[in-house]
Amino acid sequence: MGRAGGEEVMVSPEPRAVKKMEWLRACPPYAQGTPLREGDIREKRVTFVEDHPDIRYSWAAGQAISKFLNGLKEGKIYGVKCNKCERIMVPPRMFCELCYKPIDEWVELKDTGTVLTFSISYVGPDAERLPEPAIPAVIEIDGASPGMGILHVLGEVKPEDVYIGMRVKAVWKDEKEREGAITDIKYWKPLEVRK
Amino acid sequence: MGCEAMEVEGISGLEFQKKQNVAIVGAGMTLWRRRLLETGRELSYLAVKQALEEAGLTLDSVEAVVMGSAPDAFDGVHMKGDYLLDGAGGSDRPYIRVFVGGGTGVFAPIAGYWHVASGLFDVVLVVCEEKMSSVHPHAQTAFRYIWDPILERPLRPNLTWIFAMEMRRYMEVNKVKHEDIALVAVKNKRNALDHPCAQLAERITVEDVLNSEPIALPVRRLDISPPSDGAAALVMVAEHLARRLTDEPVWVTGVGWSLDTTWWTNRDLYFPRYVAEAAKMAYKMAHITDPRKQIDVVEPYDPFDYKELHHLEGLGLARKGEAPILTREGVTERDGDLPVCPSGGLLGVGNPIAAAMGVKACEIYWQLAYRAGKRQVKKEVTTGLCQAWGDLMQIGTVMIMSNKRP
């Protein structure tokens, strides 16, 4: 038996002593590893080291997304157009990834759209349970090419009332609270109720 | 039950002139569990030891090592490839770490393949390791850093969101019911009862899946594979060595990989184009023109139950919307006409991201060598396929193997 952290833990079983030809018929012939129980670290039954890295980042938003975020601050959603493939794209980008050339123009889109898909999420970023479910959705933005969506969240709607194809409208933060961030749109609310 | 032949013409740049054929002659894997005492290096060592035992080789014969391991954030250690080096047997020889997120479990053997096929090396070890338990409270905390920091992370996403939205889109466009998808979880967890490394082998019902805890609907607890610690290894050799080492080499006959755009909200998520493109590349190399007829056993990537179906359709092994029907009819069971995830897959054996190789590439190797024991599929097998998927749900990685020399 091995010892760790002052308490005994189970050690891996040794591989079975079998002839090669015998174990070749059932691979893998053995499974090594020492399982720990959920509380073994919390209750210090194993030897371990703890660390909490605190690393800070500032991401310059780049040419295209800076203009997009500054647009949000003014209550506008900008896309870009490529004259070769004729797509109007959102989120905007400085080059068309399909034609691999610079975009040709900036286009102001509407702040309405259509739900392409969605989820009712009971978990947050750390897999913690949320008191109220979040409703993330991919929203196709009016004025952009078909299928051009952005990730955002829905609000002012019951989870059971959301459906693919639902028409929605952006609910903006008050102008003075906007900071040039994707969260300048608080959420998207339904424009209609399904019959 | 035939499916129209997948379009495999028109792929450019594949006039690939390999220097030598590549065979797999050994594989190994550790126990997979939510939390193991062993470090990543120790797990790598255990998997390698078992693979070398099966191959009848020692590390001295290994000329190069390919390591696969997924986000550094899981371990809180950068340059994880270097950190794992000694456990993978990689010191003092050419060594490289490859990483394409969840796609790594098949991409690492693809990289092993080109090391040998190019003629640069005759004996290559491929090692995949993942330890998802170090980060806490949950591996999801590390997955946060996959999201775009400017446009997505401020919305406080959980990685499950994108899978949930992909699953819903798949269900909507193909008119698939959750109960049909849940059959995959039932099958794979049951298959895993015969896998000695399995973490979540159990007999469950469709109702258990539909009534399990909601995570991000439509995804519920039993639709998802667990976070796991574990490792896996493969030994790949050149043709002139394969026959000296074993009477049952398994040949790599095709490889393919492809990434779709990172602008994932601009794609229609109902169909995995990245898998279709990767499959076309591999099929062309392996001279497969009708995958549904020519592939005998499949290990598609199944981190979620719907993904097995989604990927079968991307691989051209089922028409769009047909995979749930094949599942319901039992075609994908171990004794079916197209056994799918006979290992028990990620849903049943566990999902140590890159180490998924253990139930994907290693399992297809064991199936084609007739060494899968109780997991051996009933039908006669010649050709098998494994596939993985990853990055921001955008890469498909595909490997085709055969027990007939190419």
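Colleague: What share of the 406 residues of chain B count as buried?

Modeller: In this predicted model, 64% of the 406 residues of chain B count as buried. A residue earns that word if 20 or more other C-beta atoms lie within 10 Å of its own.

Colleague: Why does the radius of gyration of chain B agree with a compact globule?

Modeller: The rule multiplies 2.2 Å by the number of residues to the power 0.38, and because chain B has 406 residues, a compact globule would have a radius of gyration near 22 Å, with which the 19 Å of chain B agrees. Along its principal axes, the C-alpha trace of chain B spans about 50 × 45 × 40 Å, and the chain holds 15 helices and 11 strands.

Colleague: What makes up the contacts in chain B that have a separation of 6 or more?

Modeller: Residues 24 or more positions apart account for 79% of them, where a contact requires that the C-beta atoms of two residues lie within 7 Å.

Colleague: How many residues of chain A are in contact with chain B?

Modeller: By that 7 Å cut-off, 46 residues of chain A are in contact with 51 residues of chain B. Among the elements of chain A that give two or more residues to this side are strand 8 (112–118) and strand 9 (120–123), while strand 12 of chain A provides the largest share, five residues. By class, the side of chain A that touches chain B has 31 nonpolar, 11 polar and four charged residues.

Colleague: What makes strand 9 of chain A and strand 5 of chain B a pair?

Modeller: Pairing needs at least two bridges between the strands, and two bridges join strand 9 of chain A to strand 5 (residues 214–217) of chain B, so the condition is met, with the strands running antiparallel. One of the residues involved is A:Ser121, whose bridge partner in strand 5 of chain B is B:Ala216.

Colleague: Why are strand 12 and strand 14 of chain A called edge strands?

Modeller: The open sheet of five strands in chain A has the order 12-11-8-13-14, with antiparallel pairing. Strand 12 and strand 14 (185–190) of chain A each pair on one side only, and these are the edge strands. From one strand to the next, the twist averages 45°.

Colleague: How do you know that strand 11 of chain A pairs with strand 12 of chain A?

Modeller: At least two bridges are required, and these two strands of chain A pair in the antiparallel sense over five bridges. Opposite A:Gly149 in strand 12 of chain A stands A:Glu140.

Definitions and conventions. Residues numbered from 1 in each chain as written. Chains lettered and ligands numbered in written order. Predicted model: local features only at pLDDT ≥ 70, side-chain atom pairs only at ≥ 80, totals over all residues. Helix = DSSP H or I, 4+ residues; strand = E, 2+ residues; numbered from the N terminus. Buried ≥ 20, exposed ≤ 12 C-beta atoms within 10 Å, placed from the backbone. Nonpolar A, V, L, I, M, F, W, Y, C, P; charged D, E, K, R; others polar. Axes fitted to C-alpha atoms, helices over the stretch in contact; angles between N-to-C directions.
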